[in-house]
Amino acid sequence: MSAHQRGDNGALPTRKSRAKNPISNTKSALGKRAAAKPTLDVGSSAAPLSSASSAPSGNPRMQRALDQYLAHLTVERSLSEHTVSSYRRDLTRYLQHLASRAVQSPADITPVDVETFVDRLSGSPQRDATHIGAAANAVTAPFAPASVARMVTAVRGFHKFLYDEGMTASDPAHDIHPPKVPQRLPKAITIDQMERLINAAALADDPISLRDRALVEVLYGTGARISEAVRLTADDIDFDHASVRLFGKGSKERVVPLGSYAVTALHSYLVRGRPALAARGTGVPALFLNKRGAALSRQSAWEEIQRIAQRAGLEHISPHTFRHSFATHLLQGGADIRIVQELLGHVSVTTTQIYTKVTPENVKEVYASAHPRARHE
């Protein structure tokens, strides 16, 4: 490391004095790495990145840095277990890539290392092929743009943490940006289709049917994420004020009104359904229980909704369909976008504005009904 990067005592300089993008250090870092690098199996250097093992990278220093970052996400940023798990999966894949390039510590990572990772994710020809052999030019099966963007965001956050904590003298991912993801309109269903879906949830009066009816009424009636719904306890339901307390991303709390249909379905489930399910388990506080009396998981809820959709004769239905339909139907009914933002728990109204985008068919319909010269006799 050059003299201007370390003080006289050899300690890393303060954040303000460190360079953000150390392009000038790339060559020296690569040189040191090449000298210390063991002979690599060229065939494995371009191993597919299609799946990431939960096993550690094999390098204690790299794994320790990752563990510290994940602890930071859990403790200081209060991210959910599901979100932290996604970060762990994506960054384990990144560490595997770095291991194939003989990176020994966070301080050795260069912008080229980050760039080649992004290239491999998107299926582009590899850069810096001379570093690890011709096999580096192998093109792996590309990920979807949204997946690439998510993984690049994880890598950027990881390197920013390492830099901010003084573990590295620079941020090699500072100038690496995630690809633009095509904006897709949320897939909402019509009110009539939603009625069919909800009615298909309770074809009987047994505990599971009562639970399913309450679950779909809560999802559609509050716009809750499935992760928020399965985390509910009976204490989160306020029947006196017809409301429910939801805990969103980062454990942010919000109170959302409950419609009369949701209140009725929840009351029926709590009186006639949940006690029978709870008797089979160990007394967990979760509101929604599975047939063994344990808390209903996100995966099990997803599978149940798939079965309900099949009974209703509807395709491409997921738990998020209820949330998208909740927002779309509110806005179509004249609700203020700021209120919808609050109900959905969006930090920025920009996220909510995607629901205001309309299809060409909507434009034609409004034009035909509103413009005086567009009406047909």
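**Exercises: one pocket, two helix pairs**

The largest pocket has a lining of 17 nonpolar, 17 polar and 14 charged residues (nonpolar: Ala, Val, Leu, Ile, Met, Phe, Trp, Tyr, Cys, Pro; charged: Asp, Glu, Lys, Arg; polar: the others, Gly among them). It's a predicted model, with local features needing pLDDT of at least 70 and side-chain atom pairs pLDDT 80 or more, while totals for chains, interfaces and linings use all residues. Numbering starts from 1 along each chain as its sequence is written, and side-chain values use heavy atoms, without hydrogens or water.

**Exercise 1.** Find which residues lie nearest the centre of the largest pocket, and which elements help line it.

*Step 1.* Pick out the pocket (on a 1 Å grid over the protein atoms alone, an open set of points that fit a 1.4 Å probe, with protein on both sides within 12 Å along at least five of seven lines; lining residues have an atom within 4 Å of a point). There are 48 lining residues, and His-82, Arg-225, Lys-249, His-320 and Arg-323 sit nearest the centre.

*Step 2.* Sort by element (DSSP runs numbered from the N terminus: helices H or I, at least four residues; strands E, at least two). Two or more residues each come from helices 4, 7, 10, 13 and 14, plus strand 3 (253-257). Helix 4 gives the largest share, six residues.

**Exercise 2.** Work out how helix 8 (191-199) and helix 9 (207-222) are packed.

*Step 1.* Their axes (lines fitted to C-alpha atoms over the stretch in contact, angles 0 to 180 degrees between N-to-C directions) are 9 Å apart, at about 150°.

*Step 2.* The two helices are therefore roughly antiparallel (over 145 degrees; under 35 is roughly parallel, 65 to 115 roughly perpendicular, the rest oblique).

*Step 3.* For contact (heavy atoms within 4.5 Å), helix 8 brings Met-194, Ile-198 and Asn-199, and helix 9 answers with Arg-213, Val-216, Glu-217 and Tyr-220. That's four nonpolar, one polar and two charged residues.

**Exercise 3.** Now do helix 9 against helix 12 (298-312).

*Step 1.* Here the angle is about 95°, with 11 Å between the axes, so this pair is roughly perpendicular.

*Step 2.* Arg-211, Asp-212, Leu-215, Val-216 and Leu-219 of helix 9 meet Ala-301, Glu-304, Ile-305 and Ile-308 of helix 12.

*Step 3.* By class, the contact has six nonpolar, no polar and three charged residues.
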